[in-house]
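User: I have a model open and want to learn how to read its features. Can you take me through them one at a time?

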Amino acid sequence: AMDNSDGFAVAYDPEWRTVVRGVRQAEDPGFAIFGGRASMRELIEEVVLETATENHQAMIDLAIRKEEFEIVCWPSFPQSRPYLRVPWEEAWGFQYANLLGGSREGVRQVGGRDVEVVDVHVGGMRDYNGIFKLHTGIKIQVRDLGTREVFELDYLDSIIEQDGEFKVFLYKD
């Protein structure tokens, strides 16, 4: 609203390039994610099992925790730069809401069926300063053990990896 006002100048954002890069420069926090699984496949199989049994709490337990988001992830995200003044708690609120909604979407997609993981496709990966990696565009092909039907699950949006530990970063609804 003030863009055309006399004497108004947009404040300079010294870290504007992080938006282009998609990663903000950050130091190693000296804190690691915990309670993850030793491989992406192991994590995905456990997520699908908990989804099939409609165990929402176990699905959330397989995901990143608030302190992991704050300490490990947030400093490397472009949205965390001081110019924007976005508090990490606000970002976590959206993240957690998506985890909850996405866990419900997963239960809707699986529908309580007895399924097994057939194949997994990962669309991409981004390295965040060597601190962690985000694997995105996860597509899980499963087989219904009763009907033998093969179908795709897409509610598991992304997986975080740090030092050989894998956790759900985001479910989507």
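User: Start with strand pairing. Which residue of strand 5 does Arg143 stand opposite?

Analyst: Strands of a sheet pair through backbone hydrogen bonds, either parallel or antiparallel. In this predicted model, Arg143 stands opposite Val150 of strand 5. Strand 5 covers residues 150-153, and four bridges join it to strand 4 in the antiparallel sense. Another pair across these strands is Gln141 and Glu152, which are bridge partners.

User: What happens between strand 4 and strand 5?

Analyst: The two strands form a hairpin with five residues between them. Arg148 takes a positive phi there, near 70°.

User: Which other strand pairs with strand 4?

Analyst: Strand 1, residues 115-121, pairs with strand 4 over six bridges, again antiparallel. Val117 has Val142 of strand 4 as its bridge partner.

User: What is the strand order of the sheet, and which strands stand at its edges?

Analyst: The order is 1-4-5, in an open sheet of three strands with antiparallel pairing. Strand 1 and strand 5 stand at the edges. Each has a single partner strand, so one side of each is left without a neighbour in the sheet. Neighbouring strands of this sheet are turned by 30° against each other on average, direction ignored.

User: How do I read the side chains along strand 4, and which of them are buried?

Analyst: In a regular strand the side chains alternate between the two faces of the sheet. Strand 4, residues 139-144, shows the alternation. Ile140, Val142 and Asp144 point to one face and are buried. Lys139, Gln141 and Arg143 point to the other face and are not buried.

User: Now the other sheet. In what order do its four strands run, and how are they paired?

Analyst: The order is 2-3-6-7, in an open sheet with antiparallel pairing. Strand 2 (124-128) and strand 7 are the edge strands; each has one partner strand, so one side of each lacks a neighbour in the sheet. From one strand to the next, the twist averages 25°.

User: How many bridges join strand 6 and strand 7?

Analyst: Six bridges, in the antiparallel sense. Gln162 stands opposite Glu165 of strand 7.

User: Which helices lie across strand 3, strand 6 and strand 7, and at what angle to strand 7?

Analyst: Helix 2, residues 40-52, lies across these strands at about 50° to strand 7. Helix 4, residues 66-73, also lies across them, at about 105° to strand 7. Helix 2 lies across strands of the three-stranded sheet too: strand 1, strand 4 and strand 5. There it runs at about 140° to strand 1.

User: How should I read a positive phi, and where does Asp163 lie?

Analyst: Most residues other than glycine have a negative phi. Asp163 has a positive value, near 50°. Asp163 lies in the loop between strand 6 and strand 7. With a relative accessibility of 70%, Asp163 counts as exposed.

User: And what is the phi of Glu54?

Analyst: Glu54 has a positive phi as well, near 60°. Glu54 sits in the loop between helix 2 and helix 3 (56-61). Its relative accessible area is 44%, which makes Glu54 partly exposed.

User: Next, pockets. How much space lies in the largest pocket?

Analyst: Rolling a probe the size of a water molecule over the atoms shows where empty space is left. The largest pocket holds about 270 Å³. It is lined by 14 residues, and those closest to its centre are Phe69, Phe77, Gln79, Gln95 and Phe169.

User: Which elements supply the lining of the largest pocket, and what classes of residue does the lining have?

Analyst: Helix 5 (88-110), strand 3 (132-136), strand 6 (156-162) and strand 7 (165-171) each supply at least two residues. Helix 5 gives the largest share, three residues. By class, the lining has nine nonpolar, four polar and one charged residues.

User: Last, the whole chain. How many helices and strands does the protein chain have?

Analyst: Five helices and seven strands. Along the sequence the pattern is α-α-α-α-α-β-β-β-β-β-β-β. Of the 173 residues in the chain, 41% are buried. Take the contacts between residues at least 6 apart in sequence: 68% of them join residues at least 24 apart.

Conventions:
Residues are numbered from 1 along each chain as its sequence is written. This is a predicted model: local features need pLDDT of at least 70, side-chain atom pairs count only at pLDDT 80 or more; totals for chains, interfaces and linings use all residues. Side-chain values use heavy atoms; hydrogens and water are left out. On a 1 Å grid over the protein atoms alone, a cavity is a set of points where a 1.4 Å probe fits but cannot get out, and a pocket is an open set with protein on both sides within 12 Å along at least five of seven lines; lining residues have an atom within 4 Å of a point. Grid points are joined across faces, edges and corners, and a volume is the space filled by probe spheres set on the points. Ala, Val, Leu, Ile, Met, Phe, Trp, Tyr, Cys and Pro count as nonpolar, Asp, Glu, Lys and Arg as charged, and the others, Gly among them, as polar. Two strands pair if DSSP finds at least two bridges between them. Axes are lines fitted to C-alpha atoms, for helices over the stretch in contact, and angles run from 0 to 180 degrees between N-to-C directions. Contact means heavy atoms within 4.5 Å. Buried means under 20% relative accessible area, exposed over 50%, partly exposed in between (1.4 Å probe, protein chains only).
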